[in-house]
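Subject: Structure handover

Hello,

Here is the structure you will be working with. Please open it first, then read the notes below it.

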Amino acid sequence: MLRRGISKAASATLIALIILAICAGVALYYMRQSAPGTATTSSMRPSTTASRTAAPQTSSTSITTTTTTSTTSTASASSSTTPSTTTHARSTSPTTTAPKYVEVRDLSGKLVKVRLPVKRVVVLQPYWAEVVVALGAGDKIVGIGKWVKYDSYLPESVRSKPSVGSLFSGVNVEEVAALKPDVVITDYGYGKANEVISKLEGMGIPVIRLFCRSFNDQLKAISIIGKVLGAQSRAEELIKFMKSKYDLVREDVLKAPSKPRVVMLSAYGLLKGYLSTYANTSWGRLVEEAGAVNLALQKFPSKSWPKIGFETLAKWDPDVLIIVGSKDDLIPALDKVLSDKRFSILKAVKDGRVYGVPTFEGLGAVLDWGPRIVIGYEYVAKLLHPSACSNIDWRADAAYLIKHFYGVDVPEQAFVAYSIRWKEVVDFSGKAVKIPLHVRRVVDLISYVDDLALGVMNRLVGVSKYAYFNPIMRKAYPNITKIPSPGSSFSLNIEQLAALRPDVVLIWNYKPGIVSDIEKLGIPVICVNLRSYDDIKALLILLGNIYGVEDRALKLIKDMDSIISMVQERVSNVPQSKRVKVLYLWSTPTTIQGGVGDIEDAIRMAGCVNPAAKYFPNKAYPRVDFEQIVKWNPDLIVIWWYARFKPEDLLSSAKWSVINAVKEGRVYKEPFYEHWGPGISLFVLWLASKAYPNLFKDVNVTAVMNKYYEEWYGVKYSELFTHSSK
């Protein structure tokens, strides 16, 4: 019995040991399989190149996720075949998630796999850069194509990125690679595109190919870019906006009584001596979708830009000619059509139905690939069918698109419609005004200082009577008194104005009766109302378009902005609670600057606070009781240059002595500048230097003003005034 009991115990022990050995072996096997550096783990981790180029096994819109987990033991795998009964050391390494990818089918039909998240983008065309910015991913752009820096609708932060070349002159693929992009976005199918794309992909860089032949292609391109950038909701919002405007065009043109026969020509080609038409392209198809017949598309349905001879054009004899090109080429091309006798036989020329469409990336351009193409649809449709499309406001839509999606302010005054004999601008009352294509005779009742800065004084045939007393005009342009004056915006001799035979009149928008009297003479009137710094810039842009000196206007605005930016950078760290309270006094000590007007804007830009703005948010020049000024207790007081009282009048007054600004001797008369002119930026600098002298102790304000006056007015500030501005 004893022997049988021992035998049973031994058998049980032996079975237990066998089971333990089997468990240990299984555990050891799995530990080796999970250990770092083994063949199994290595095969699960894709190489850098493979992660960018390998074709995934998912659909074109899916995101592939792979997770890798490894476990490491502190004990050596070879130390024992059985685990210790006293210690069991086990440690698990952190879980490592494999990279995520998105794959999309681009417009070439290729399936492209891009590693997520996308943080670095190189974009080679301005319009695709606009899409990236519109989707809120402008900060991801690390490199740009050659022409992107000229796009007026892009933020400076994008336009200043490193340039890597173009598909025409060539792209430096080594520079692209050095920027370490997660993806490159580009056109394909022309120039050196295929060669560039092949090299980039050979370096393991994913490339999104885009080329649009229709409006739907534009929407597809935006959707693709949105998926790649992880900005689908923003892409959907942009697509919805574009689709709504496109649908409105399609709805309106169906109401038109007929479809005009149209030929769309390249302005560049016209100037070079040949006729290049737009047929099977997105712009060529736009003509038909805007309610017309594109003759080139009908005759050459499989060609993009067929060239034709003049004999063919004469045979077609279109109802409408549309000339498309950059603003630099557009007006010369329209002039050529008008001056070339061969074109005079065309019905379109006889009827005055030759229109220009500003394209590409210059300020005021409405037609390009990308989001702005829908503005081009609106623009063309309204030219072709003005009555049927009367509810389309393409300027407002353009301004909204660029502000809401791009984050850039572009005033409606930047957008001009062109015809062979006229151009149409919008004034500050929102009225569209047709003026001659070439404006040569102007009566300017408001902005003669701006005209001086823009170099167009020879176009003025009439000025406001107040121009004769303007100190800048008297010094910089002594002949100002030889230009006739029919009065002012507030009191005008209509007969004298008519005798001056102006092409256009610029007037303050305060006397509707006077405006109506001028319009009855058949003279175009542009009404102006300025309430902010942005309005002043809009006026300069408008004048640039009226006179055809857009480049000089933009250079002037850049100069103004540089001064404002310098000031705002210096005052940006001043806490709101410590900002200087500034009271601006007009013609009397109790006529103050309220919350409306460019002076209020200037005070804010100088980093100061106007206490009156809160009490009078909708008034420009309210009169107040002195007791109210005492309650505000401003830190600094500025007096209008034309006011008949001086700082000494306040500084010596017992009544005013209770106010901090008077106690501290901080009462100044402003340096001269025109409130509605480019000099406002100098006022902002001057005011900021008075409010925060420690922040501007290294800036010689008078020297800055001298340089600015000499650049834009031809005289130094110190030659006009002895006012101390420092």
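Start at the hairpin of E21 and E22, which has five residues between the strands. There, Gly 430 takes a positive phi near 85 degrees. Strands, labelled E, are DSSP runs of at least two residues, and helices, labelled H, are DSSP runs (H or I) of at least four; both are numbered from the N terminus.

Keep in mind that this is a predicted model: local features need pLDDT of at least 70, side-chain atom pairs count only at pLDDT 80 or more, and totals for chains, interfaces and linings use all residues. Residues are numbered from 1 along each chain as its sequence is written, and side-chain values use heavy atoms, with hydrogens and water left out.

**The strands**

E21 covers residues 422-426, and E22 covers residues 432-436. The two pair in the antiparallel sense over five bridges. (Pairing requires at least two bridges found by DSSP between two strands.) One partnership here is Lys 423 with Ile 435 of E22.

E21 also has a neighbour in strand E20, residues 417-419. E20 and E21 run antiparallel and are joined by two bridges. They form a hairpin with two residues between them. Tyr 418 has Lys 423 of E21 as its bridge partner.

Is E21 mostly covered or exposed? It is mostly covered, with four of its five residues buried. Buried means under 20% relative accessible area, exposed means over 50%, and partly exposed lies in between (1.4 Å probe, protein chains only).

**The salt bridges**

Side chains of opposite charge can pair when their charged atoms come close. A salt bridge here is a side-chain nitrogen of Lys or Arg within 4 Å of a carboxyl oxygen of Asp or Glu. How many does a search of the whole structure find? The total is 25.

Look at Arg 372 and Glu 130. Their closest N and O atoms are 2.8 Å apart. This pair links distant parts of the chain, 242 residues apart. Arg 372 sits in the loop between strand E19 (354-358) and helix H16 (373-384), while Glu 130 sits in helix H4 (residues 126-134). Both residues are buried.

Next, take Asp 397 and Lys 245. Their salt bridge has its closest N and O atoms 3.3 Å apart. Asp 397 is in helix H17 (residues 394-404), and Lys 245 is in helix H9 (residues 232-253), 152 residues away. Both are buried.

Now Arg 209 and Glu 201. They form a salt bridge at 2.9 Å between the closest N and O atoms. Arg 209 is buried, at 12% relative accessible area. Glu 201 is partly exposed, at 21%. Salt bridges that share partners join these two with Asp 106 and Lys 110 into one network.

**The cysteines**

The whole structure has zero disulfides (pairs of cysteine sulfur atoms within 2.5 Å). Cys 527 is buried, with a relative accessible area of 3%. Cys 608 is buried too, at 6%.

**A pocket**

A pocket is an open set of points on a 1 Å grid over the protein atoms alone, where a 1.4 Å probe fits, with protein on both sides within 12 Å along at least five of seven lines. Lining residues have an atom within 4 Å of a point.

The second largest pocket is lined by 34 residues. Nearest its centre lie Trp 508, Tyr 621, Trp 640, His 675 and Trp 676. Its volume, the space filled by probe spheres set on the points, is about 940 Å³.

Best wishes
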